[in-house]
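Visitor: I have the sequence and the model open side by side. Could you walk me through it and tell me how each label is earned?
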Amino acid sequence: MTTIAYRGNDLMTPDHVRQYWDDGYTVVKGVFTEAEVEQMRTACDRWKFTGQLLGRTWRKQNTVIWVEEDKQVGTTVRGMQWPSYHDAVMDKFRTDPRLLMCIEPIIGDSVKQIINQVHWKRPGSKTTWPLHRDVRSRRPSSAFTDLFESWVQTGIAIDGHMEDNGAMSIVPGSHRDVDHDPEDKSVWMAPQYADDVRTHPMEMEPGDVGLWNAFTVHGGGFNTTKYMDRRLYINGFVAADKCTRGEWAWNQGRTCHLYGEPALIQFEEVDEIRGAFYASELGRKEVIRD
Ligand SMILES: O=C(O)CCC(=O)C(=O)O
């Protein structure tokens, strides 16, 4: 576990750090300003329109846009990974020093990034993420060491993140309900927590940042509003010396920009399939990941 000195103006206070380890999550309020959140909204909308134009799930190396047919609302862009290779706004916020300030007390300041992802929950759609633990997606497990301590997921609320528009729920303490064995598939999905009294929506205002552990149960929620979008910008980080995959984000606190060949992260064929493709044309099933 990392111990760093707290400075008076740090966003991530000792109480946040304590809550993160005790409850498996925390929310840091007011990290980004409304003007900055507006930039993220505009960038996310551009990607949503791109997905709508493409009309089908599309990938270029680590960048993927997942497009689904939704029985209620039709063709729907529900998520994407790694906009930051192609989008200066998303890239800027991915490595914003305030995000480092949030994660540094947990995993230190030499950090690689595995997740750079946007989730949309379209009003009236069936989009949801059944209750789960993110350990399920940290594959292959051999690439990660001490996942419980070395990994942290962050989510920037781009819209108000509320029960009505599909805020994800969180289960405080659920990271301590199980052994931290990445190969124990029986703990990956966790539908039984729907009835757990601890389960509640992780409500956030735009610009707040939620952090959660790889073993904390979370997910669920539908956007039952008529018109209100629910966009969440998720960035997942790992202590660099505990992971053999990912793009560097910070090395001893210094920002590492994306350049050169994309790293091996979750798309196994990143070096072999270099061109853009529609998943359906290559007969591939592009499973949505987190
Ligand atoms: O977008 C959401 O509501 C859920 C996100 C989630 O469960 C995840 O990223 O693991």
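Visitor: What makes the residues around Ile65 and Ile158 part of a nonpolar core?

Guide: Happy to start there, with the reminder that this is a predicted model. A nonpolar core is a set of buried nonpolar residues joined through C-beta atoms within 7 Å. The largest such set here has 66 residues, and Ile65, Cys102, Ile103, Ile107, Val111, Ile158 and Val238 touch the most other members.

Visitor: Which residues is Ile158 in contact with, leaving aside its neighbours within four places in sequence?

Guide: Contact asks for C-beta atoms within 7 Å. Ile158 has such contacts with Val37, Met40, Arg41, Cys44, Pro206, Arg231, Leu232 and Tyr233.

Visitor: And Leu232, where else does that residue appear?

Guide: Leu232 is among the residues around the ligand, together with His119, Trp129, Asp134, Met168, His218, Gly219, Gly221, Ile234 and Asp290. Strand 10 and strand 11 (231-239) each supply at least two residues of that shell.

Visitor: How does the shell around the ligand divide into nonpolar, polar and charged residues?

Guide: There are four nonpolar, four polar and two charged residues. Gly counts as polar in this scheme, so Gly219 and Gly221 of the shell fall in the polar group.

Visitor: Why are strand 8 and strand 10 called edge strands?

Guide: Strand 8 (200-201) and strand 10 (218-219) each pair on one side only. They belong to an open, antiparallel sheet of three strands in the order 8-7-10. Two strands pair if there are at least two bridges between them, and strand 7 (residues 169-170) and strand 10 have two bridges, so they qualify as a pair. Within strand 10, His218 stands opposite Ile170, and His218 is also one of the residues around the ligand.

Visitor: Is Arg284 buried, exposed or partly exposed, and how do you know?

Guide: Arg284 lies in the segment after strand 14 (277-278). Buried needs 20 or more other C-beta atoms within 10 Å, and exposed means 12 or fewer. Arg284 has 14, so the residue is partly exposed.

Visitor: What makes the protein as compact as a globular protein of its length?

Guide: The protein has five helices and 14 strands. Its radius of gyration is 18 Å, close to the 19 Å that the globule rule gives for 290 residues, so the description fits. Buried residues make up 44% of the 290. Of the contacts between residues at least 6 apart in sequence, 81% join residues at least 24 apart.

Key: Residues are numbered from 1 along each chain as its sequence is written. This is a predicted model: local features need pLDDT of at least 70, side-chain atom pairs count only at pLDDT 80 or more; totals for chains, interfaces and linings use all residues. Helices (H or I, at least four residues) and strands (E, at least two) are DSSP runs, numbered from the N terminus. The radius of gyration is taken over C-alpha atoms; the globule rule is 2.2 Å times the number of residues to the power 0.38. Two residues are in contact if their C-beta atoms, placed from the backbone, lie within 7 Å. A residue is near a molecule or strand if its C-beta atom, placed from the backbone, lies within 6 Å of it.
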